[in-house]
Amino acid sequence: VNGSSREGPALVADPIAETVDEPIVFLNEVMARYPDAISFAPGAPNAQHLAQVDVIGALQRFQEHVVSVGGRSPEQAQLALLEYGPSRGLVNDVFADALRRDEHLDVDPEGIVITVGAQEALLIALRTLCDQPGDAVAVVDPSFPGIVGAARFLGLPTIPVPEGPLGVDAMAFEDIVLRERRRGLRVRVLYVAPDFNNPTGTRMDLASRRALLDVARRQGTKLLEDNVYGFTADPAVRLPSLAALDAEGTVVGVRSLAKVAAPGLRIGMLVPGPAGGRAEVRHLARRFAAMKTMVTVNTPPVSQAIAAGLILACGGSLAELGNSRSEFYRENLRLLLEALDRHLGDEDGVTWNRPHGGFFVRLFLDIAADQRLLEFSAQKFKVLWTPMSFFSLTGRHSNEIRLSCSYLDPDEIETGVERLAAFLREVTSPKSCGV
Ligand SMILES: Cc1ncc(COP(=O)(O)O)c(C=O)c1O
């Protein structure tokens, strides 16, 4: 178990602080020191997509929507952007509609909370769902550091759950819940990203999703579903989200516009469960909204309006917005995998997975990929990557690295992999004494 008890001084003596903060600071420093390095590190959306965002057009589009559908005057529509506005959000109808179109989710617009990115959604969800001493958060390991950061911020214990080739293994998860219960901890929530997990690129198949839902229901554990990379899947082989498979309210959805639109908008959303469902879902929605008031009052309406305008301009579909970008990411992923095959296919001691979407590829080495090795890679070979240990709660992934294909332009990928291959040949070779 990582983290401290709810009664303890959570922010002072926190054993996972180092795994969250220092690596990210280190990575940023290395990137700043080697500006001419090709970096497979950032999991950020490609800059060319950000350049295409018509901010003013999106704002106008939303204003028109408020006038034509909301029956407000243009002056009232302008005021709505500059007043505090409802804590739950200003654009819930547009978002609920998009969830209905894209994921076939029937959600109550009033139940959704529009948040400051997925990060605030995670924070609100954890604080609401884990409100008793002994409540704990299970986290797929390795995982997105934002969830560990949120748990740490709240002083919640985090329980690592290993990831298999198909994501979380439901039976292994159930064993962990039962084991922790015997130790006096109640696993209230499992954080899970079923579509192309950050950092491993793993995707759960349909049977694994159903099995996980069954276990969560049986054990009374909520599934906190983060689906930020789902849009990168080939439309022909999209799988239903966990939320879409859940009729009862076992899944709390977290969504973000960071990758599909722009991270600087800082727009996410929290979805408590299906509409017309149990009273518990309605109660949860009220608690999420109350918590939102306490954290940031409301999400900046101008940002909400731009996000909603972008969705409206794509026929009310976030997936449609994603479709215009996902092909680019799938192509970059294909180029990355092909370049790895070409340059490292015959290399002993290096293997990798082959995700079908998302931003990330996971490399397995026969040596520890630590900060020292990264520094060497940046300095001598001008190529950057992320040690998998930055994402791990357990220290079990020290021989792995994460490569991200999203931020680079296609022509940089080939050169980047050439450099990476030269670096790996040097350090994984038994003759090596480079580091
Ligand atoms: C798994 C995951 N969730 C969410 C986010 C984005 O969060 P936010 O909307 O707070 O920018 C990221 C960004 O890296 C991520 O990898």
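I'll talk about one helix and one ligand site in this structure. Keep in mind that this is a predicted model.

Helix first. H3 runs over residues 55-68, so numbered along the chain as its sequence is written. It has 14 residues. From the first C-alpha to the last, H3 reaches 20 Å, close to the 20 Å expected at 1.5 Å a residue.

Which residues of H3 are buried? Ala-58, Leu-59, Phe-62, Gln-63, His-65 and Val-66. They cover an arc of only 155° around the axis, which puts them on the same side of H3. Here is the general rule behind that kind of pattern. An α-helix has 3.6 residues a turn, so residues three or four places apart point the same way.

Now turn H3 around. The face away from the buried side carries Ile-56 and Ser-68, and both are exposed.

What covers the buried residues of H3? The cover includes three helices: H4 at 74-82, H5 at 92-103 and H11 at 301-313.

On to the ligand. It is surrounded by 13 residues. The closest are Ala-118, Asn-198, Asp-226, Tyr-229 and Ser-256.

Look at the polar contacts. Asn-198 places a polar side-chain atom 2.7 Å from a ligand oxygen. Tyr-229 also has a polar side-chain atom 2.7 Å from an oxygen atom of the ligand. Then there is Arg-266: an N or O atom in its side chain is 2.7 Å from a ligand oxygen.

How much of the ligand does the protein bury? Taken alone, the ligand exposes 400 Å², and the protein buries 88% of that.

That's the helix and the site.

Notes: This is a predicted model: local features need pLDDT of at least 70, side-chain atom pairs count only at pLDDT 80 or more; totals for chains, interfaces and linings use all residues. Side-chain values use heavy atoms; hydrogens and water are left out. Helices (H or I, at least four residues) and strands (E, at least two) are DSSP runs, numbered from the N terminus. The expected span of a helix is 1.5 Å times one less than its number of residues. Buried means under 20% relative accessible area, exposed over 50%, partly exposed in between (1.4 Å probe, protein chains only). The arc is that of the directions from the helix axis to the C-beta atoms. Contact means heavy atoms within 4.5 Å. A residue is near a molecule or strand if one of its heavy atoms lies within 4 Å of it. A polar contact is a pair of N or O atoms within 3.5 Å; within protein, one must be able to donate a hydrogen and the other to accept it, and residues adjacent in sequence count only if both atoms are side-chain atoms. Accessible areas come from the Shrake-Rupley method with a 1.4 Å probe; for residues, only the protein chains shown count as cover.
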